[in-house]
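User: Please take one part of this structure and look at it closely, then connect it to its surroundings. I would like the definitions with their cut-offs as you go.

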Amino acid sequence: MILYPAIDISDGKAVRLVQGDFDAKTVYEDDPLEAARAWVSAGARYLHVVDLDGAKQGEPANLHHVERITQDLPVPVQLGGGLRSLRSVRAALDAGVEKVILGTAAFTDVDFLDDVLGAYRGDRVIVSVDTRGGKISTHGWQQTTSIPAEAVIEQLQHRGVRSFVYSNVDRDGMLEGPDLDEVRRIASVVRGRFIYSGGIGTVDDLAALAALRQVNLGGVIVGKALYERRFTIAEAHAALEPRRPPSGSGTRGDLFDPGRD
């Protein structure tokens with residue numbers, strides 16, 4: 001399983017929200033590039049970047065920061081947030097990201113999804129399935145539908161989607177651990193690969209996900225727990241590789257200081 005440290009960009013800063021609430025925002029770094037450098041210096045092999053302003057506005061708002069990250073650092077970057085037109089997707093890829101993450105438009109605009117899948121290799125396109133109470137959440141997590149996640153995943157797979165990010169918004173930023181039964185349920189539906197996001201609080205949470213041994217669970221996104229130093233990048237990598245047990249219990253609570261690694 002791959003660890004994806006999260007860099008959420010809002011107002012030009014690296015932040016984290018709680019349950020998708022823009023009014024519950026913590027700024028961890030004034031420059032997103034500095035946050036990205038910190039994770040890569042600590043050993044991160046991939047980065048997960050979200051343009052929160054773009055998600056809220058419906059079009060990318062922070063591609064200049066994304067381009068600074070991709071040009072400065074030698075690791076693959078996946079980007080989501082506000083990618084609701086083929087032009088926006090193209091701009092994101094031109095900014096140097098390896099993969100784009102589609103959200104709202106993948107559900108609401110069939111032609112757009114078909115256009116993106118037709119224009120780019122399937123392995124460069126991920127669809128984010130964000131849920132509250134098991135129902136699909138859209139428009140930057142600001143609206144929740146009555147549609148079950150499993151039904152949407154099935155529909156998207158019929159249209160050719162093979163890669164997903166599955167986010168439990170109710171757990172986002174809460175540090176209370178993932179819903180393992182939910183992960184198993186989603187794994188039983190996904191025929192390609194998916195990345196899990198939501199609630200990771202300790203290194204033991206990562207080990208529990210790895211212990212599920214779901215072959216289609218390709219990675220996990222971690223944000224707040226890393227920023228607040230609940231565990232290190234090295235400990236996370238060890239936990240996600242079952243043959244190498246984590247070196248610590250992951251209970252530290254001091255704030256972001258990447259220099260420790």
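Analyst: Let's begin with K13, which is partly exposed at a relative accessible area of 30%; here buried means under 20%, exposed over 50%, and partly exposed in between, with a 1.4 Å probe and protein chains only. Before going on, please note that this is a predicted model, in which local features need pLDDT of at least 70 and side-chain atom pairs count only at pLDDT 80 or more, while totals for chains, interfaces and linings use all residues. Residues are numbered from 1 along each chain as its sequence is written, and side-chain values use heavy atoms, with hydrogens and water left out.

The side chain of K13 meets that of D30 in a salt bridge, with 3.6 Å from N to O (a side-chain nitrogen of Lys or Arg within 4 Å of a carboxyl oxygen of Asp or Glu). This pair links distant parts of the chain: K13 sits in strand β2 and D30 in the loop between β3 and α1 (32-41), 17 residues apart. Helices (H or I, at least four residues) and strands (E, at least two) are DSSP runs, numbered from the N terminus. D30 counts as exposed because its relative accessible area is 52%.

Strand β3 takes part in another link of this kind. K25 forms a salt bridge with D11, and their closest N and O atoms are 3.2 Å apart. Here too, distant parts of the chain are linked, since K25 belongs to β3 (residues 21-29) and D11 to the loop between β1 (2-10) and β2 (13-18), 14 residues away. The lysine, K25, is partly exposed, at 31%, whereas D11 is exposed, at 58%.

What does a search of the whole structure find? It gives 13 salt bridges. Among them is a pair inside helix α1: E34 and R37, whose closest N and O atoms are 2.5 Å apart. The two residues are three places apart in that helix, about one turn. E34 has a relative accessible area of 32%, so it is partly exposed, and R37, at 31%, is partly exposed as well. Elsewhere, salt bridges with shared partners tie D8, R16 and D172 into one network.

Now to the packing, starting from strand β1, where I7 is found. I7 has 0% relative accessibility, which means that it counts as buried. Its contacts (heavy atoms within 4.5 Å), leaving aside neighbours within four places in sequence, are A14, P32, A35, A36, W39, L47, H48, V49, V50 and Y227. One of these partners, P32, is 25 residues from I7 along the chain, yet their C-alpha atoms are separated by 6.9 Å.

L47, another partner of I7, leads to the largest nonpolar core (a set of buried Ala, Val, Leu, Ile, Met, Phe, Trp, Tyr and Cys residues joined through side-chain atoms within 4.5 Å). Which of its 70 residues touch the most other members? They are L47 and L102. Helix α1 gives the most to this core, with five residues. So the helix that holds the E34 and R37 pair is also the one that supplies most to the core. With residues up to four places away in sequence not counted, L47 touches Y4, P5, I7, A36, W39, V40, I69, L73, V75, P76, V77 and Q78. A second core, separate from the largest, has seven residues, among them Y4, A6, I101 and V165.

For contrast with I7, consider R121. It lies in the loop between α6 (110-119) and β7 (125-132), and its relative accessible area of 53% is why it counts as exposed. The C-alpha atoms of R121 and K99 are separated by 9.8 Å, with their positions 22 residues apart along the chain.

Finally, the wider setting. The protein chain has 11 helices and 12 strands. Of its 261 residues, 56% are buried. Among contacts between residues at least 6 apart in sequence, 67% join residues at least 24 apart; the contact of I7 with P32, 25 residues along the chain, is an example.
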